[in-house]
Structure formats: C-alpha cells, structure tokens
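Ready to explore a protein chain together? Have a look at the sequence and the 3D view, and keep both at hand while you read.

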Amino acid sequence: MTKQYGYGRRKHRTGVAGAALLAALLCIPALPAQAEEVPVPYGVPYGTTIGELKADAPAQCLVVATGSYTFQKSMAELGETAVVVQDNGDGTRLCHIPDTALLDAFVADINTALSGVPAGEDSFYYYDAASNTIQTWAGSSYYQINDAGKEKIYHTLLETLAGQGTENRVAQLEDTDLELVSGELPEEVALNKYAVKGSCTTSFRGSSSNRIRNIQVASGNLNQTVLYPGEEISMNRAFLPRTYANGYREAGAYMSGKVVPAVGGGICQVSSTVYNAAMNSGLTVLERHPHSMPVHYLPLGMDAAISSGSKDLRIRNDYAFPVMFEAYTEGKNLIVNVYTNELLTAGTSYRLHSVRKGGLAAAAYLEVTVNGVVTEDRSLGTSRYSPMRTDDEEDED
C-alpha cells in the first residue's frame with residue numbers, strides 16, 4: 001500500500017596451471033554453477049591486461065546499479081588491470097583477474113557515495129530550534145555493498161571480458177547484495193526527536209469515489225500542520241470551505257435525519273478521526289459535537305461532527321513544544337497521527353474509549369496511564385443519537 005498525499009568477494013585462486021583451475025575461472029553465464037569441478041581441456045592461458053584485451057572497446061563500461069543510483073567504470077579506466085585469459089577457439093574465453101586492486105577501489109568509491117545516501121529506515125521528525133520548525137531527519141543509516149554484491153560485480157566484469165561485444169554490462173544489486181550500516185545521530189537531533197503520540201485509523205471501504213475524494217482533500221489540507229504551544233486549530237478552517245474550487249465534490253451528508261447530497265460530504269470522517277488522534281495524544285479539545293445519527297466508522301461517543309458556521313472541532317496545544325498532524329489515506333483507510341516530542345512525553349499515554357448507555361447513547365472517557373499505571377479515567381460526557389431528526393436543518397458533512 002502507498003500513502004496518498006510520495007561488499008568482499010569469494011576468494012579466487014591466483015594460480016593458472018591445470019585445466020581444473022581454469023574451469024573454476026570460467027565466466028560464461030550459461031555455465032552451470034558446479035562447472036568449476038569439471039576439467040576443461042582447452043588452450044593455453046596467457047597473461048594480458050584489460051586495456052589490451054578490450055582495445056576495440058575502451059569505452060565499454062562495467063555498470064553497477066542499486067536503487068535509483070548507477071555507477072560505471074570503463075574498460076579504459078581498468079586498463080592496467082592484469083588478466084589471465086584462455087581462448088577456447090569457439091569465440092568464448094575464460095578469464096581471471098589475479099589482482100583486483102582497481103576493481104576494489106571502484107567498489108570502495110561506490111560505498112563512499114552510498115554512505116552519503118540515508119537509507120530511510122530510521123527517518124523521523126524532529127524539532128529544529130534554529131528555524132522553529134519540525135523537520136525530517138532522513139536517517140543516519142546507509143547501505144554498503146557486501147560480499148555477495150562484490151562477487152556479483154566481479155563476475156559481471158569477468159562476463160564483460162569474456163564476451164566479444166561492446167555493450168555495457170550491468171551488475172544490478174539487490175537487497176541481498178547490500179548491508180545496512182548504522183551511523184551516528186547528532187545529540188541535538190536525538191533530544192528533539194518526534195514520534196507518534198496519538199493515532200487513529202478509520203475505514204472508508206464502500207464509500208463512493210466522491211466521498212473518498214473529499215476525505216483525501218480534507219486530510220491533505222490538514223497534513224503536516226504544526227500547532228505551536230498555546231495555539232488552537234479549527235477543523236472548519238483547516239479543511240478550507242467545502243467548495244468545488246477547493247477540490248470538494250458532492251457526496252452524502254446528514255441533514256434532518258436523512259443522508260442527502262452535499263458538497264464536501266464525508267469530511268466528518270476526517271474530523272472524527274482527528275478527534276480520536278488528538279485525544280489519544282493528550283491535546284486539549286475545546287469544542288466537539290456528536291453527529292445527529294450514528295456513523296459507521298467509529299463507536300458511538302467517539303465521533304466529531306462539523307458543519308460550516310455551527311459545529312466545529314477545535315483543538316489546543318497545551319504542551320510546551322510544537323506538535324504536528326499527519327493525515328493521509330492508505331488503501332481503504334484514513335490515518336491521522338499526532339507527533340510530539342518523544343522524550344518530553346515519555347511515560348504518559350492516553351486512550352479515548354466509550355461505553356454504550358442503552359439505546360443510541362454512549363458515554364466517552366479518556367484513560368490516562370502514567371508509567372504503566374492507570375491514574376485517571378476522565379469522563380467526557382454522554383453523546384446521544386437518533387435514527388431520525390426533524391428539529392435540525394443543519395448539514396453535517
């Protein structure tokens with residue numbers, strides 16, 4: 001699923017006497033892996049250099065590819081490398097490189113370049129005090145070519161030397177040809193590392209394409225929003241007015257106890273998901289309204305309806321540091337995360353939950369846990385719903 005918002009080689013013998021050893025140096029791709037055990041009674045080996053052997057193709061390159069990066073080395077650049085060759089008389093030849101110093105230097109250069117490319121496995125957000133912004137730390141780990149990768153590069157070069165063609169040959173490195181190396185994390189970054197404090201996922205499976213689009217537009221407007229200490233955020237303002245110009249489409253919304261078409265229909269699922277993530281992160285909710293009727297994506301008492309001009313979801317950041325909202329769709333799910341300073345919020349967790357009170361009513365609570373011990377189960381009041389309402393003409397998006 002995607003979010004919707006983007007080395008040593010095997011040791012080779014250096015001797016060249018005997019057909020059995022030459023067979024071990026065979027570099028024709030079609031040769032079975034066990035061929036080195038079979039004597040190959042061809043010709044007499046001789047010594048030369050890559051430059052001499054590839055005199056007709058000095059620009060031919062050995063290409064190493066990994067991910068979106070490619071590196072290459074021409075035969076001319078490897079020209080001084082000694083190579084032992086045996087011509088087979090049928091257009092093929094056997095090759096062996098006794099001294100791989102130049103090839104090893106090429107691999108070392110690639111590893112140096114890769115060490116400057118964060119692997120991304122340990123990327124995270126952090127607060128940068130100098131700019132007063134939340135930034136992305138790309139990660140301190142990186143990939144290096146391992147023994148299997150070096151062997152693949154070596155044999156690709158042998159295949160290049162064994163062939164008569166002049167086209168480039170590519171050593172395509174896979175995950176098994178690389179190893180992940182962990183680098184150092186600067187102290188100022190480590191102290192200001194951010195992590196998900198509160199999260200909520202809801203499903204929109206079965207929704208119309210217009211409703212899904214509205215969810216994506218609203219969540220996209222909220223995504224990456226930073227809320228600084230003491231600041232408030234309104235979902236009505238964050239989602240922008242529900243108009244065609246702002247990307248919204250007509251989909252089902254609640255009105256007068258019915259589901260009717262309305263521009264922006266469905267974005268209450270975003271506000272409801274935000275409400276849960278905010279409560280689970282310890283943010284202060286200043287205003288929240290239940291829907292007039294139950295919703296399918298959350299339990300009773302845990303939704304948050306918004307309606308232009310009358311109902312809103314307002315949240316305040318009472319932490320001493322900024323927090324950030326992340327909102328996106330993945331597959332048939334909407335995910336909202338709230339990021340806070342990992343170090344400063346460690347040890348305390350929050351959980352929004354509700355209890356049915358009979359009929360279409362539910363009481364909501366916020367459970368607070370400190371160092372593994374539940375210290376409070378705070379009452380948030382009771383929400384009541386009706387299968388039909390006639391005293392309210394407001395739309396709930």
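Below are some questions and answers about this predicted model.

Q: How many helices and strands does the protein chain have?
A: Let's start with the whole chain before looking at details. Helices and strands are counted as DSSP runs, numbered from the N terminus. The protein chain has 8 helices and 24 strands.

Q: What percentage of the residues of the protein chain count as buried?
A: A residue is called buried when its relative accessible area is under 20%. The chain exposes about 19,100 Å², and carbon and sulfur atoms supply 51% of that area. Of its 397 residues, the share that counts as buried is 45%.

Q: Which strands are the edge strands of the open sheet β21-β22-β23?
A: This open sheet has 3 strands with antiparallel pairing, in the order β21-β22-β23. An edge strand pairs on one side only, and that description fits β21 and β23 (373-384).

Q: Which helix packs on the sheet and touches β21, β22 and β23?
A: In the sheet β21-β22-β23, the twist averages 20° from one strand to the next. The helix that packs on this sheet spans residues 268-281, and its direction makes about 130° with that of β21. Its name is α8.

Q: What is the bridge partner of V370 in β23?
A: Strand β22 covers residues 361-370 and pairs with β23 in the antiparallel sense over 10 bridges. V370 has its bridge partner in β23, and that partner is V373.

Q: What does the twist average from one strand to the next in the open sheet β2-β5-β6?
A: Here 3 strands with antiparallel pairing form an open sheet in the order β2-β5-β6. Its edge strands are β2 (46-49) and β6 (93-96). From one strand to the next, the twist averages 35°.

Q: Which residue in β6 does V84 stand opposite?
A: Strand β5 (residues 82-87) pairs with β6 in the antiparallel sense over 4 bridges. Helix α4 (residues 147-162) lies across both β5 and β6, running at about 140° to β6. Opposite V84, in β6, stands H96.

Q: Which residue takes a positive phi in the hairpin of β15 and β16?
A: β15 and strand β16 (residues 258-263) run antiparallel and are joined by 6 bridges. One pair of bridge partners is Y254 and V259, the latter in β16. The hairpin has 2 residues between the strands, and the residue with a positive phi, near 55°, is S256.

Q: What value is phi of N132 near?
A: Most residues other than glycine have a negative phi. N132 is found in the loop between β7 (124-128) and β8 (133-137), and its relative accessibility of 34% makes it partly exposed. Phi of N132 is positive, near 55°.

Q: What value is phi of L240 near?
A: L240 lies in the loop between α7 (235-238) and β15 (250-255). With a relative accessible area of 34%, L240 is partly exposed. This residue other than glycine has a positive phi, near 70°.

Q: Which residue does the side chain of E159 meet in a salt bridge?
A: A search of the whole structure finds 8 salt bridges. In the one with E159, the N to O distance is 3.8 Å, and the partner is R169. The pair links distant parts of the chain, 10 residues apart, with E159 in helix α4 and its partner in strand β10 (residues 169-172). So the partner, partly exposed at a relative accessible area of 26%, is R169.

Q: Is D303 buried or exposed?
A: D303 forms a salt bridge with R288, and their closest N and O atoms are 3.2 Å apart. Both lie in the loop between β17 (284-287) and β18 (314-316), so the pair ties together parts that are 15 residues apart in sequence. Because its relative accessibility is 1%, D303 counts as buried.

Q: Is L343 buried or exposed?
A: L343 is found in the loop between β20 (333-341) and β21 (348-356). Together with L191 and L344, it forms a nonpolar patch on the surface, with about 310 Å² of accessible area. Exposed means over 50% relative accessible area. Because L343 has a value of 55%, it is exposed.

Terms used. Residues are numbered from 1 along each chain as its sequence is written. This is a predicted model: local features need pLDDT of at least 70, side-chain atom pairs count only at pLDDT 80 or more; totals for chains, interfaces and linings use all residues. Side-chain values use heavy atoms; hydrogens and water are left out. Patches are made of residues with over 30% relative accessible area and no salt bridge: like charges are joined within 9 Å, nonpolar side chains (Val, Leu, Ile, Met, Phe, Trp, Tyr) within 5 Å. Accessible areas come from the Shrake-Rupley method with a 1.4 Å probe; for residues, only the protein chains shown count as cover. A salt bridge is a side-chain nitrogen of Lys or Arg within 4 Å of a carboxyl oxygen of Asp or Glu. Buried means under 20% relative accessible area, exposed over 50%, partly exposed in between (1.4 Å probe, protein chains only). Two strands pair if DSSP finds at least two bridges between them. Axes are lines fitted to C-alpha atoms, for helices over the stretch in contact, and angles run from 0 to 180 degrees between N-to-C directions. Contact means heavy atoms within 4.5 Å.
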